[in-house]
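Welcome! Take a moment to turn the model around before reading on; this short report walks through a few places worth finding.

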Amino acid sequence: MNQEKLIHVAKEMRDKSYAPFSKYTVGASVKTEDGSIIGGCNVESASYGLTCCAERIALYNTISQGFSKIKAMAVASENGGFPCGACRQVIWELCGDIPILIIDNQNKIKETSSQALLPDAFDKNNLT
């Protein structure tokens, strides 16, 4: 996988973040089956529960543009923070097991996978 563009877009998305309360900017990007790279940034709300993470926004942007097969994700933040629980669930449901790159301000990259982030995930296969 060509990681450079995926990482570059995730880092660019941080600049678009709307984080007036936490000041914690996050950018994310996903790579689709055809090689398209689509990004998203976190958007905070004064009603904190309405805040949406960069990972979910990147995924929702991807789906809204008509893509359904996601091959990889990158997440960029100041300290290399990993996706929250809600994002882990959405990543699993929309992507299955994909590689996920976590990038910090020093360009240190940690590579993981959605399966490692959410072992024994609950998904449509658990519904009867």
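Ser47 counts as partly exposed because its relative accessibility is 41%, and partly exposed covers the range between under 20% (buried) and over 50% (exposed). Please keep in mind that this is a predicted model. You will find Ser47 in the loop between β2 (37-41) and α2. From the C-alpha atom of Ser47 to that of Leu118 there are 27 Å, with the two residues 71 apart along the chain.

Two residues with a relative accessibility can be set side by side:

| Residue | Location | Relative accessibility |
|---|---|---|
| Ser47 | loop between β2 and α2 | 41% |
| Ile63 | helix α2 | 37% |

Let us move on to helix α2. Ile63 belongs to this helix, and its 37% relative accessibility is why it counts as partly exposed. Together with Tyr60 and Leu94, Ile63 makes up a nonpolar patch on the surface, and the accessible area of the three adds up to about 240 Å².

Glu55 is also part of helix α2, which spans residues 54-64. How far from Glu55 is the nearest side chain of opposite charge? That side chain is Arg56, 6.4 Å away, and Glu55 is buried without a salt bridge. Apart from neighbours within four places in sequence, Glu55 has contacts with Ala28, Met73, Val75, Pro83, Cys87 and Ile91.

Two of those partners, Cys87 and Ile91, lead us to helix α3. This helix covers residues 85-95, and its buried residues are Cys87, Val90, Ile91, Trp92 and Cys95. Which elements cover them? Among them are α2, β3 (70-77), β4 (99-103) and α4 (114-117). Just after α3 comes Gly96, with a positive phi of about 70°.

Now for the interior. The largest nonpolar core has 17 residues, and those touching the most other members are Val30, Leu59, Met73, Val75, Ile91, Ile98 and Ile100. Two or more residues of this core come from each of β1 (26-32), α2, β3, α3 and β4. There is also a second, separate core of 12 residues, including Val9, Ala10, Ala74 and Leu101.

Val75 is a good place to finish. Neighbours within four places in sequence aside, Val75 is in contact with Ala10, Val26, Gly27, Ala28, Glu55, Gly81, Ile100, Leu101, Ile102 and Ile103. Val75 therefore has heavy atoms within 4.5 Å of those of Glu55, the buried residue of helix α2 we met above.

Notes
Residues are numbered from 1 along each chain as its sequence is written. This is a predicted model: local features need pLDDT of at least 70, side-chain atom pairs count only at pLDDT 80 or more; totals for chains, interfaces and linings use all residues. Side-chain values use heavy atoms; hydrogens and water are left out. Helices (H or I, at least four residues) and strands (E, at least two) are DSSP runs, numbered from the N terminus. Buried means under 20% relative accessible area, exposed over 50%, partly exposed in between (1.4 Å probe, protein chains only). Lys and Arg count as positive and Asp and Glu as negative; His and the chain ends are not counted. A salt bridge is a side-chain nitrogen of Lys or Arg within 4 Å of a carboxyl oxygen of Asp or Glu. Patches are made of residues with over 30% relative accessible area and no salt bridge: like charges are joined within 9 Å, nonpolar side chains (Val, Leu, Ile, Met, Phe, Trp, Tyr) within 5 Å. Accessible areas come from the Shrake-Rupley method with a 1.4 Å probe; for residues, only the protein chains shown count as cover. A nonpolar core is a set of buried Ala, Val, Leu, Ile, Met, Phe, Trp, Tyr and Cys residues joined through side-chain atoms within 4.5 Å.
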